[in-house]
Amino acid sequence: VARQCGACQHVNEPYQRQLAAKDQRVAELFSQVAGPEALRPILGMDNPYRYRNKVMSPFAPGRPQKAPKQQRGQRGGKRPSRPSAPQCDILCGMYAAGTHRIIDTSECLIENAQAKQVIRAVRSIILKFGIEPYDEDRGTGFMRHAVVRVGHTSGEVLVTLVTNAREFPGAKGFCRELVRRCPFITTVVQNINERQTNVVLGQREQVLYGPGFILDELCGLSFRISSQSFYQVNSVQTEVLYRQAIKLANFTGAEHAIDAYCGTGTISLVMAQQAKHVIGAEIVPPAIEDAWENARKNGVTNVEFICADASKAAA
């Protein structure tokens with residue numbers, strides 16, 4: 001489904017060819033200011049599959065399922081089946097490139113396997129409980145999205161159910177069934193988004209199961225991740241990226257550094273091990289709360305976080 005989906009157009013190409021193409025693209029972009037000899041080659045992954053620790057899927061009504069056929073009585077006469085409204089199947093997966101048409105997928109080569117299992121379980125439970133999926137055109141239905149985040153090192157799993165209303169009838173039963181099917185889940189959060197928008201998450205949420213966040217380790221530091229926190233989706237290469245950036249920055253311990261768009265403070269706290277002082281700026285309040293908590297948990301004192309537009313904070 002790679003061509004239909006459009007999210008990983010090069011997944012069918014040999015990985016070394018993918019890296020070579022990206023190197024060539026970077027060289028073209030910098031051709032006016034630097035020659036090829038000035039550019040370092042891309043540092044690729046050892047295993048470029050199943051690395052995406054955040055998996056998100058919209059839900060939408062599929063085709064109506066056929067009503068059951070009429071059954072015959074014991075004496076051969078026709079006996080009408082009990083009338084019932086036809087049920088709809090539910091689509092989940094990824095949007096096709098440039099559209100809001102869902103490509104129904106049960107597997108993906110770049111998404112975390114456990115996270116994908118959770119998405120399939122949510123879809124199945126929606127059908128079992130008779131919950132109406134969100135209809136984007138009409139603005140009706142209840143379940144809009146499921147977002148699953150998996151701690152790369154910790155293995156903890158956060159499931160965010162995005163709903164079109166605050167009231168969630170049968171929420172406890174839904175969570176029990178979900179955790180029964182996927183016992184590795186550590187927390188479930190309901191995010192309420194009643195706006196007719198293509199923005200996935202709303203501003204209000206409530207914890208349905210567990211602590212409402214997960215912990216993970218990156219570059220030897222522990223990080224708290226909540227539903228609205230920014231966290232790099234490829235944890236393996238994030239560590240490579242951060243260490244390489246800090247190496248190239250050549251900190252001496254006297255610098256004051258700014259981490260614009262700091263999210264939960266991952267780069268800030270790693271930089272703080274080398275710089276004199278670091279300021280992180282982020283416009284999302286829950287992410288700043290997580291950043292302060294991450295600094296406290298790791299005992300980092302030479303860092304501060306401000307909730308503000310990053311461009312204004314940097315100025």
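A residue counts as buried when its relative accessible area is under 20%, as exposed when that value is over 50%, and as partly exposed in between. With that yardstick in hand, a good place to start in this predicted model is Glu177. E177 comes out at 10% relative accessibility, so E177 goes down as buried. Its salt-bridge partner is R180, and the closest N and O atoms of the two sit 2.8 Å apart. R180 has a relative accessible area of 57%, so R180 lands in the exposed class. This salt bridge, then, joins E177 to R180, with a buried residue at one end and an exposed one at the other. Both belong to helix α4, which covers residues 171–181, and they are three residues apart, or about one turn of the helix. The pair doesn't stand alone, either: K128, E177, R180 and R181 are linked in a network of salt bridges.

Across the model, the count comes to 13 salt bridges. Another of them sits in helix α5 (residues 235–249), where R243 and E239 are four residues apart, again about one turn of the helix. Here the N-to-O distance is 3.7 Å. R243 has 49% relative accessibility and therefore counts as partly exposed. E239, at 21%, is partly exposed too, because the buried class stops short of 20%.

Not every pair stays inside one helix. E194 and R204 form a salt bridge whose closest N and O atoms are 2.7 Å apart. This one links distant parts of the chain: E194 lies in the loop between β8 (187–192) and β9 (204–209), while R204 is in strand β9, 10 residues away. With 47% relative accessibility, E194 is classed as partly exposed, and R204 gets that label as well, with a relative accessible area of 39%.

Back in helix α5, S235 is worth a look. At 3% relative accessibility, S235 is well under the 20% cut-off and so counts as buried. What does the side chain of S235 make a polar contact with? The partner is the side chain of N53, at 2.8 Å. Leaving aside residues up to four places away in sequence, S235 touches N53, H152, D216 and L218.

Further along the chain, three strands build an open sheet in the order β12-β13-β14, with parallel pairing. The edges are β12 (256–260) and β14 (303–307), each of which pairs on one side only. Neighbouring strands in this sheet are turned against each other by 20° on average, with direction ignored. Five bridges hold β12 in parallel pairing with β13, the strand made of residues 277–282. One such match-up puts A260 opposite its bridge partner A281 in β13. On the other side, β13 and β14 also run parallel and are joined by five bridges, and there E282 stands opposite C307 of β14.

Where does helix α7 pack? The helix, residues 285–298, lies on this sheet and touches β13 and β14, and its direction makes about 170° with that of β14. Taken together, β13, α7 and β14 make a right-handed β-α-β unit.

Key. Residues numbered from 1 in each chain as written. Predicted model: local features only at pLDDT ≥ 70, side-chain atom pairs only at ≥ 80, totals over all residues. Heavy atoms only, no water. Pairing = 2+ DSSP bridges. Helix = DSSP H or I, 4+ residues; strand = E, 2+ residues; numbered from the N terminus. Axes fitted to C-alpha atoms, helices over the stretch in contact; angles between N-to-C directions. Contact = heavy atoms within 4.5 Å. Right-handed = clockwise from strand over helix to strand, strands pointing away. Salt bridge = Lys/Arg side-chain N within 4 Å of Asp/Glu carboxyl O. Buried < 20%, exposed > 50% of the residue type's maximum accessible area, 1.4 Å probe, protein only. Polar contact = N/O pair within 3.5 Å; in protein donor to acceptor, adjacent residues only side chain to side chain.
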